[in-house]
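Please open the model in your viewer and keep the sequence at hand, since each stop on this tour begins with something to select.

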Amino acid sequence: MPKLAIHPSGLNTAKERARALRWLAGLAEADRERVLAEAFAVCASAKPPTPYVALLGAIRRFGFDTIRRRGYRAAGPEQFEDFQRVRESRARNLREERPSPLRDKVLHRWALVRELHGQGLGFRLIARYFSKQLRVQVSPSYLRRLWGELEPGDGNGQPQP
């Protein structure tokens, strides 16, 4: 395996540097301005000025290779805080679940479920009816769980007299 030349920006291969520049192009305008402003500030204070290396360094500090799983190095403390916020928002999204498309399909036909269950059919047969006649794939256990949520007076899933 050939040794890689150490690039001052830390992005050692040309492929990584090209990917970093493409990533910069895909950022929002405000973020792109922040990265460029930081790169210009670093370049102005550097002796000798190296704008390309300053730009690549600013891209890395902004989060190119730590956020969005695009790079190879471990995250620093500031990126860990970003990861923490991402994890918290994902957990919050799990608690505030989106409505299920299957649940909507079944609830639109809930009167049919009540009628079939009132005639003495079990949830397995109702699920088979949904599958064959209505082309809605639903499991008997899901129907039983919905029945328990929507019909609280009946504890065991049997039709009420």
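Select Asp-31, Arg-34, Val-35, Leu-36, Glu-38, Ala-39, Val-42 and Cys-43 in H2, and then add the residues of H3 that they meet, which are Pro-51, Ala-54, Leu-55, Ala-58, Ile-59, Arg-61 and Phe-62. The residues of this contact between H2 and H3 comprise 11 nonpolar and four charged ones, with no polar residue among them. Bear in mind throughout that this is a predicted model.

Now show the two helices whole, H2 as residues 29-45 and H3 as residues 51-62, and you will find them packed at an angle of about 130 degrees with their axes 8 Å apart. That angle makes H2 oblique to H3, and their crossing is right-handed.

Keep H3 in view and add helix H1, residues 14-25, whose axis comes within 10 Å of that of H3 and crosses it at roughly 65 degrees. The two helices, H1 and H3, are therefore roughly perpendicular to each other, and H1 passes H3 in a left-handed crossing. To see the contact itself, select Arg-17, Ala-20, Leu-21, Trp-23 and Leu-24 of H1 together with Tyr-52, Leu-55, Leu-56, Ile-59 and Phe-62 of H3.

Move next to the largest nonpolar core, which has 14 residues, and select those with the most contacts inside it: Val-106, Trp-110, Val-113, Ile-126, Phe-130, Val-138 and Leu-143. Helices H6 (110-118), H7 (123-134) and H8 (140-150) each supply at least two residues of this core. Apart from this core lies another, of 12 residues, among them Trp-23, Val-35, Leu-56 and Ala-58.

How values were computed
Residues are numbered from 1 along each chain as its sequence is written. This is a predicted model: local features need pLDDT of at least 70, side-chain atom pairs count only at pLDDT 80 or more; totals for chains, interfaces and linings use all residues. Side-chain values use heavy atoms; hydrogens and water are left out. Axes are lines fitted to C-alpha atoms, for helices over the stretch in contact, and angles run from 0 to 180 degrees between N-to-C directions. Helices (H or I, at least four residues) and strands (E, at least two) are DSSP runs, numbered from the N terminus. Angles under 35 degrees count as roughly parallel, over 145 as roughly antiparallel, 65 to 115 as roughly perpendicular and the rest as oblique. A crossing is left-handed if the near helix is turned anticlockwise from the far one by less than a right angle, and right-handed if clockwise. Contact means heavy atoms within 4.5 Å. Ala, Val, Leu, Ile, Met, Phe, Trp, Tyr, Cys and Pro count as nonpolar, Asp, Glu, Lys and Arg as charged, and the others, Gly among them, as polar. A nonpolar core is a set of buried Ala, Val, Leu, Ile, Met, Phe, Trp, Tyr and Cys residues joined through side-chain atoms within 4.5 Å. Buried means under 20% relative accessible area, exposed over 50%, partly exposed in between (1.4 Å probe, protein chains only).
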